[in-house]
Structure formats: C-alpha cells, structure tokens
Protein chains: 2
Amino acid sequence: MAPPSKPEKSAERKRGSGAQYVYNILRNEIIDLTLEPGRPIDEIQLSERLQMSRTPIREALVRLAGEGLVTTLPNRSTVVTNIDFLNLHPFFDAITLMYRVTTRLAADAHKASDLEVIRARQAEFAEAVMAQDALSMIATNREFHAAIAAAGRNHYYEALCLRLLDEGRRILRLYYSSFDDRLPREYVDEHEGLIAAIEARDIARADELASAHADQIVAQIRTMISRDTRHKIPL
Amino acid sequence: MAPPSKPEKSAERKRGSGAQYVYNILRNEIIDLTLEPGRPIDEIQLSERLQMSRTPIREALVRLAGEGLVTTLPNRSTVVTNIDFLNLHPFFDAITLMYRVTTRLAADAHKASDLEVIRARQAEFAEAVMAQDALSMIATNREFHAAIAAAGRNHYYEALCLRLLDEGRRILRLYYSSFDDRLPREYVDEHEGLIAAIEARDIARADELASAHADQIVAQIRTMISRDTRHKIPL
DNA sequence: CGCACAAATCGTGTCGACACAGAAAATACA
DNA sequence: TGTATTTTCTGTGTCGACACGATTTGTGCG
C-alpha cells in the first residue's frame with residue numbers, strides 16, 4: 001500500500017515523459033495486482049502521490065483504458081478492470097492461438113539476433129524458477145514469449161500476444177501468491193523445446209510444442225481456479 | 001478539404017461527449033483518407049475547427065495513437081500513420097487468420113439474433129454493390145465482418161479484427177478511388193456462403209469459405225498494388 | 001419510522017494560459 | 001555564395017481553475 005518510491009518533489013524528469021512515467025507505474029501496479037481489480041482510481045489522489053498535474057495522469061488512464069487495463073465509468077470514476085473469471089474461455093482460446101502463431105512465425109522468420117534475445121529471456125526465466133521466485137517467474141515468462149512474438153515480426157500478433165500475456169500475468173499473480181508456490185521445472189524444459197524448434201526452423205514442431213505449452217498453462221490455471229472455487233464455497 | 005459540418009458555436013453537446021465526438025470525427029476522416037497518411041494534425045487548428053479546447057482533442061489523439069491510426073512524434077507533432085506498403089504481408093497474414101477464426105467462432109457460438117444482424121449488414125453490403133458505390137461497399141463490408149466477429153463472442157479476436165478491418169478500409173479506399181471502380185458481385189455471393197455455413201454451424205466449411213474469401217481479397221489488393229507500382233515507375 | 005425531496009459534496013470533463021523543445025528564419029562569418 | 005550560429009516562431013506538454021454530473025448527506029412531510 002505504501003508508495004513504491006517517493007518521486008522527487010518536482011522536476012528532475014524530462015519534458016514529455018510525464019504521461020509515460022505515470023503509465024508505466026500504473027501499468028505495473030495493475031499487473032502486479034498492487035492495484036486490485038475493481039479498485040477506483042482517483043485522479044486527484046494520484047496527482048498528489050506522483051507530484052504532477054492531472055493532465056498527464058488522465059493521458060495515462062486513457063491509454064490504459066485503450067488496452068483494457070482500466071475501465072472508465074463516464075462522469076464517475078475509472079476503475080481497475082476486473083478479471084472476469086466467467087469469461088476465461090475466450091482468453092484461453094486466444095492465448096493458445098497466439099502462442100501457436102507467434103512461435104510458428106518465429107520459427108519461420110527469426111534472425112540470429114532474435115535467438116540471442118530469446119535465450120537471454122529463457123536464462124532469466126530459468127533463474128527465477130531455480131530461485132523459486134513465483135513473481136519473477138511470471139514476469140520473465142512474459143518476456144520470454146514476448147521475445148518470441150517479436151521474432152515473428154508481425155505487429156498485429158505481437159500486440160495481441162502482449163496484451164494476453166499481461167492479462168495472464170494478472171491471473172497467475174492472483175493464484176500463485178495465494179496458493180501453492182511450487183514452480184514446475186517442466187516449464188523450463190518446454191521453453192527449451194520451443195527454442196530448439198525455432199532454431200531448427202521446424203514450423204510444425206514449433207506449432208505443436210507451443211500448443212502443448214499453452215494447453216499445459218491453461219490446464220494449470222484451470223486447476224487453480226477450481227481449487228479456488230472450492231475454497232470460496234466451503235461446505 | 002471543407003469541414004464536413006460546422007459544429008455549433010458552442011454547447012449543444014452533452015458533457016463527457018467531447019472527446020468521443022472528436023475521436024469519431026478524426027477516426028472517420030483518417031479511415032476515409034480525408035486526412036491523408038503522413039499529414040500532421042495540428043491540435044490548435046483542430047480545436048478551432050471543432051470549437052473546443054485542446055484537452056478533449058488530445059484525449060482523442062491519444063486513443064487513436066493507441067489504435068495505431070496516428071503516430072505521435074514527441075514534442076513535435078502527431079501525424080496520420082502512414083500505410084506501410086512494404087510490410088503488407090503481416091497484414092494479409094493477420095486478416096486471413098482473423099477472418100477464419102471469427103467465422104469459425106461465429107459458426108460455433110452464434111445466436112439467432114446475431115444472424116439477424118449479420119443478414120442486415122449483408123443486405124446493406126449487397127445494396128452498395130448494386131449501386132456500384134465503392135465507398136459504401138468498403139464501409140458495409142467492414143460492418144459485415146464486424147458483425148460476424150461480434151457473433152463469435154471473443155473480445156480479443158474481435159478487437160484485432162476490427163483494427164485490421166479499419167486498416168483494410170484505408171488501403172481499399174486508396175485503390176478503389178484511384179483505379180477501377182468495378183465492384184465484383186462475387187463478394188456478395190461469398191458473403192452469402194459464409195452466412196449459410198455459420199447458420200448451419202458447419203465450422204469446417206465456415207473456415208474454408210472465410211479462408212478463400214480472405215485469399216481473394218488479398219489477391220485483389222495485391223493486383224491493385226502491382227498495378228500501382230507499375231504506374232509509379234513509368235518506363 | 002420511512003420516504004420523497006433538497007442541499008452539499010465529491011470527482012470528473014473542459015477550459016485558458018504558460019513553459020519548454022524542436023524547427024525555421026535570420027544573421028554573422030569565411 | 002555557402003556554412004555555422006543565433007534568434008524567432010510554431011506547437012506540444014503541463015498546469016491550475018472552474019463547471020457540471022452523480023452520489024451522498026441532510027431535511028421535511030406523511
């Protein structure tokens with residue numbers, strides 16, 4: 001609940017960076033669930049916390065609304081968008097397809113430099129898993145798949161994939177922090193398999209592995225949700 | 001070049017609708033190519049034309065930037081995003097996939113009311129083709145596929161599909177207005193086929209027809225572009 | 001005691017003004 | 001005449017203030 005870092009009383013930041021600054025902070029706090037879903041965001045309160053006028057804050061909120069991370073209630077307030085547990089099916093459907101498509105494209109269109117970046121992300125991911133750091137694992141997993149999407153060189157897919165990964169981070173964050181924190185090392189191996197398929201430019205295998213990877217993640221989330229449901233409705 | 005409609009000197013509009021109003025106007029003008037790609041958008045000029053302060057105009061621009069319709073050059077100006085003819089491949093790839101996925105989902109998940117809407121859009125489309133009105137055809141085609149995407153009930157796919165359809169409108173608009181305006185009636189028949197497959201809940205056929213439909217559109221755009229290229233490089 | 005209505009409160013939507021960055025114009029110099 | 005430097009100018013980024021809508025609180029009447 002405490003402000004993550006007290007911003008300088010004023011200035012220090014360059015002109016034009018204000019909205020971006022607010023955007024980054026809010027985005028991280030929303031994805032990390034520091035700002036819980038459904039919580040109203042008060043522009044004035046924010047402007048006091050971040051030591052700047054409402055204008056750049058409103059700009060950040062408009063951007064976040066465009067990405068669906070906040071919801072604007074006209075003439076009332078803007079709230080952190082709720083995670084809709086009843087409509088998770090479209091999410092699972094879309095992220096599975098995007099995992100497949102981006103991995104296929106990466107296998108087809110990647111350059112050597114792309115693979116370097118992907119390997120670096122994978123190393124960070126593996127490190128997070130080794131350290132049993134769930135939060136870091138969630139974040140690095142996002143970056144890993146983002147790197148694959150970037151290697152595919154299709155901005156449309158990449159943008160949708162990033163959006164889905166961020167939504168996924170919120171969901172994962174919700175469950176990993178409240179339930180078990182055992183981090184399955186299989187994910188590391190699955191990622192290695194993806195990398196190998198991409199490097200070999202084996203599109204069919206990349207597709208297959210990505211599909212299986214997505215299925216496994218979906219299955220795990222489903223398990224966590226059902227566990228959660230049971231927990232929420234005690235006998 | 002003339003302002004489409006002189007807005008009331010002031011007021012008349014309800015509170016909270018300002019940014020939305022500007023957004024709609026700009027969006028239409030960008031997609032209709034009334035605002036040519038690359039043209040800088042002057043906030044002050046716009047505020048004078050639309051008789052309102054720069055604040056709601058900036059909000060509209062931020063939203064449009066989020067959708068990629070305008071590009072913000074920091075501390076300089078925002079310009080209408082250029083159509084990148086060299087990178088059309090990702091566009092073709094994505095719209096083909098989205099046509100397929102949304103049509104499949106529509107075949108699977110549509111309700112009776114969805115079909116009514118789709119049929120209504122198809123009627124408007126057919127009317128535009130009959131009237132040989134290229135501009136109207138482009139617009140109604142967009143609405144037709146948007147209705148199919150809506151029937152699929154996956155917001156992620158729907159959002160991407162809408163974005164692609166709008167970009168497609170810009171491209172089509174560019175070529176239909178400068179080259180031949182003969183409107184192929186086959187499109188009407190293809191649309192009918194899509195509707196039939198959706199109604200029959202025949203997912204495989206819906207996929208197949210959507211794929212063929214997309215291929216045909218892509219082929220036609222490609223033809224127009226190659227014609228255009230020849231035109232731009234005379235011997 | 002409960003309900004309809006009025007007043008106050010809260011927060012957003014919009015406005016006009018100022019400050020700074022970048023580009024264009026003007027000037028100086030070789 | 002061409003190039004480097006300064007100045008002007010245009011237009012964005014940010015600010016503080018006001019106005020209106022929605023909610024909440026307070027009040028009067030049944």
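These notes cover the two DNA strands, the contact between the protein chains and one sheet.

1. Basis. This is a predicted model, in which local features need pLDDT of at least 70, side-chain atom pairs count only at pLDDT 80 or more, and totals for chains, interfaces and linings use all residues. Residues are numbered from 1 along each chain as written, chains are lettered from A in the order written, and side-chain values use heavy atoms, without hydrogens or water.

2. Surface near DNA strand C. The strand has 22 residues around it; a residue is near a strand if one of its heavy atoms lies within 4 Å of it. Arg58(A), Arg76(A), Arg15(B), Ser53(B) and Thr55(B) come nearest. By class there are 5 nonpolar, 8 polar and 9 charged residues. Here Ala, Val, Leu, Ile, Met, Phe, Trp, Tyr, Cys and Pro count as nonpolar, Asp, Glu, Lys and Arg as charged, and the others, Gly among them, as polar.

3. Elements at strand C. Chain A gives H2 (43–49) and H3 (54–66), and chain B gives H1 (18–31) and H3 (54–66), each with at least two residues. H3(B) supplies the largest share, 3 residues. Helices (H or I, at least four residues) and strands (E, at least two) are DSSP runs, numbered from the N terminus.

4. Atoms of strand C. Sugar or phosphate accounts for 63% of the strand's atoms within 4 Å of the protein, and bases for the rest. Two side chains reach base nitrogens: Arg54(A) at 2.9 Å and Thr55(B) at 3.4 Å. Arg76(B) places a polar side-chain atom 3.2 Å from a phosphate oxygen.

5. Surface near DNA strand D. This strand is surrounded by 22 residues, the closest being Arg15(A), Ser53(A), Thr55(A), Arg58(B) and Arg76(B). They divide into 5 nonpolar, 8 polar and 9 charged. H1 (18–31) and H3 of chain A and H2 (43–49) and H3 of chain B each supply at least two residues. H3(A) has the largest share, with 3.

6. Atoms of strand D. Of its atoms within 4 Å of the protein, 62% are sugar or phosphate. Arg54(B) brings a polar side-chain atom to 2.9 Å from a base oxygen. The side chain of Arg76(A) comes to 3.3 Å from a phosphate oxygen. Ile41(B) uses a backbone N or O atom, 3.3 Å from a phosphate oxygen.

7. Interface between chains B and A. In contact (heavy atoms within 4.5 Å) are 23 residues of chain B and 23 of chain A. The buried area (accessible area, 1.4 Å probe, lost on being put together, summed over both parts) is about 2,000 Å², 60% of it from carbon and sulfur atoms. Val62(B), Tyr156(B) and Tyr157(B) supply 32% of the area that chain B buries, more than any other three residues.

8. Salt bridges across the interface. There are 2, each a side-chain nitrogen of Lys or Arg within 4 Å of a carboxyl oxygen of Asp or Glu. One joins Glu59(A) and Arg58(B), at 3.6 Å, N to O. On the chain B side, H3, H4 (88–109) and H7 (155–178) give two or more residues. H4(B) has the largest share, 8 residues. This side has 13 nonpolar, 2 polar and 8 charged residues.

9. Sheet in chain B. Three strands form an open antiparallel sheet, in the order S1-S3-S2. S1 (40–41) and S2 (70–72) of chain B are the edge strands. Strands pair if DSSP finds at least two bridges between them; S2(B) and S3 (78–80) of chain B have 3. Val70(B) has Val80(B) as its bridge partner in S3(B).

Notes
A polar contact is a pair of N or O atoms within 3.5 Å; within protein, one must be able to donate a hydrogen and the other to accept it, and residues adjacent in sequence count only if both atoms are side-chain atoms. Buried area is the accessible area (1.4 Å probe) that two parts lose on being put together, summed over both.
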